[in-house]
Amino acid sequence: MIDLRSDTVTKPTEAMRRAMAEAEVGDDVYGEDPTVNRLQERAAEIFEKEAAIFVPTGSMGNQIAVKLHTRPGTEVVIEERGHIFNFEMAAMAAVSGTLARPVHSRDGTGILNWDEIEPAIHVGGAYYVAPTGLVALENSHNLAGGTVYRSARIEEICHRAHAMGLPVHLDGARIFNASAAVNESVAALARPADSVMFCLSKALGAPVGSMLLGSREFIDEARRWRKVLGGGMRQAGVLAAAGLVALEETPKRLHEDHANARRLAEGLAEIPGIKIDPEQVVTNIVLFDVSETGITADEICARLKEQKVLASGFGSSIRMVTHYDVTSADIEVALREMRKAVGSRQ
Ligand code: TLP
């Protein structure tokens, strides 16, 4: 199987398995797991934030941030395809009593500028309009095709939001991919934001886990909310050990996934009926429209699956994600099967 559904599907490397087997552990609810503590300290150091907390999933990290930054009855300003809004089970409503205020990205990239965000913000206006509690950004932006913010844009948005008294949370599930694409450190990309979440279990390849980072006070409070949500794990050092390997080892090879994604996009762009601009593919996510092939995305994915290539259908689009279990030879196979699946002779 060539599994391009997501970069969540990677299997732990030998080094991760060894680290897991040998991990020193303790009860993390007592704060006594040395490996979890080491991972938290190392993540905070890399991101140049005061503190970090290990959480089971990216969704939990994001939702703890929404909870801590907002009050019930407020709104979260977010790009309309944002993960926090679309793929986290309406948790912002269920857990925090907030609504999303979705913002349309005029150029389609999902990378917002302040002029697009500002009209969606309500502060100090009419009493019958719900006030804004938080601005949430996503880097890289998953459902916009892995597009990226540079630090200058994030700085501008955070600066303007802070001037209005609003916090900014960064969903950096794949911030290491963004960092590799724009050649800026994750610390530079995260610095202006009040909190950032990143996933160890996506492009970095760890089996489980994400990190939430921010001020010490914010993370102390996050620890309470992680417990409220049932995320207080015990000998979680076995997971954190793989996370540490992922954090140290994987970022330096992400450019390979990006090159594979670009090659995939270039090949796809040559297939009649497939719409994608390879220039827009700068990380490991390849999202393309198949409506003009006359075959539904689900049908194409079903045909690919018969040939042992897995991809995800999203409406009239298909998403393919590269990761360390996908080689450049696999990309050529995926392209060949894609040509067959849509009946192209090219
Ligand atoms: N994304 C998953 C699916 O949920 C779509 C994937 O396969 O890409 N933020 C972003 C930007 C994400 O892409 C994801 C997961 C999350 C948060 C949530 O992480 P988990 O799955 O650990 O809760």
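A residue counts as near the ligand if one of its heavy atoms lies within 4 Å of it. By this criterion, in what is a predicted model, 15 residues surround the ligand. The closest of them are Ser6, Ser59, Asn142, Asp171 and Arg174. Sorted by class, the shell around the ligand holds two nonpolar, seven polar and six charged residues. Helix 3, which spans residues 58–69, gives the most to this shell, with three residues.

A few individual contacts help to picture the site. At glycine 58, a polar backbone atom is 2.8 Å from an oxygen atom of the ligand. The side chain of asparagine 142 likewise places an N or O atom 2.8 Å from a ligand oxygen, and for the side chain of lysine 202 the corresponding distance is 2.9 Å. On its own, the ligand has 510 Å² of accessible area, and the protein covers 83% of this.

Turning to the fold, a good place to start is the sheet of seven strands. This sheet is open, with mixed pairing, and its strands follow the order 2-8-7-6-5-3-4. At its edges are strand 2 (51–55) and strand 4 (99–103), each of which pairs on one side only. From one strand to the next, the twist averages 20 degrees. Strand 3 (residues 75–79) pairs with strand 4 in the parallel sense over five bridges, and here isoleucine 78 stands opposite proline 102 in strand 4.

Helix 3, already met at the ligand, also lies across this sheet, over strand 2, strand 3, strand 5 (132–138), strand 6 (168–171), strand 7 (195–199) and strand 8 (210–214). Its direction is at about 170 degrees to strand 7. Helix 10 (residues 216–228) lies across strand 2, strand 7 and strand 8, and runs at about 20 degrees to strand 2.

A further open sheet has three strands in the order 9-12-11, with antiparallel pairing. Strand 9 (285–289) and strand 11 (312–314) each have a single partner strand, so one side of each is left without a neighbour in the sheet. The twist in this sheet averages 30 degrees from one strand to the next. Strand 11 is joined to strand 12 (residues 317–321) by three bridges, with serine 312 standing opposite arginine 319 in strand 12.

Helices accompany this sheet too. Helix 12 (residues 254–269) lies across strand 9 and strand 12, at about 15 degrees to strand 9. Helix 13 (residues 297–306) packs on the sheet by touching strand 11 and strand 12, and its direction makes about 40 degrees with that of strand 12.

Terms used
Residues are numbered from 1 along each chain as its sequence is written. This is a predicted model: local features need pLDDT of at least 70, side-chain atom pairs count only at pLDDT 80 or more; totals for chains, interfaces and linings use all residues. Side-chain values use heavy atoms; hydrogens and water are left out. A polar contact is a pair of N or O atoms within 3.5 Å; within protein, one must be able to donate a hydrogen and the other to accept it, and residues adjacent in sequence count only if both atoms are side-chain atoms. Accessible areas come from the Shrake-Rupley method with a 1.4 Å probe; for residues, only the protein chains shown count as cover. Helices (H or I, at least four residues) and strands (E, at least two) are DSSP runs, numbered from the N terminus. Ala, Val, Leu, Ile, Met, Phe, Trp, Tyr, Cys and Pro count as nonpolar, Asp, Glu, Lys and Arg as charged, and the others, Gly among them, as polar. Two strands pair if DSSP finds at least two bridges between them. Axes are lines fitted to C-alpha atoms, for helices over the stretch in contact, and angles run from 0 to 180 degrees between N-to-C directions. Contact means heavy atoms within 4.5 Å.
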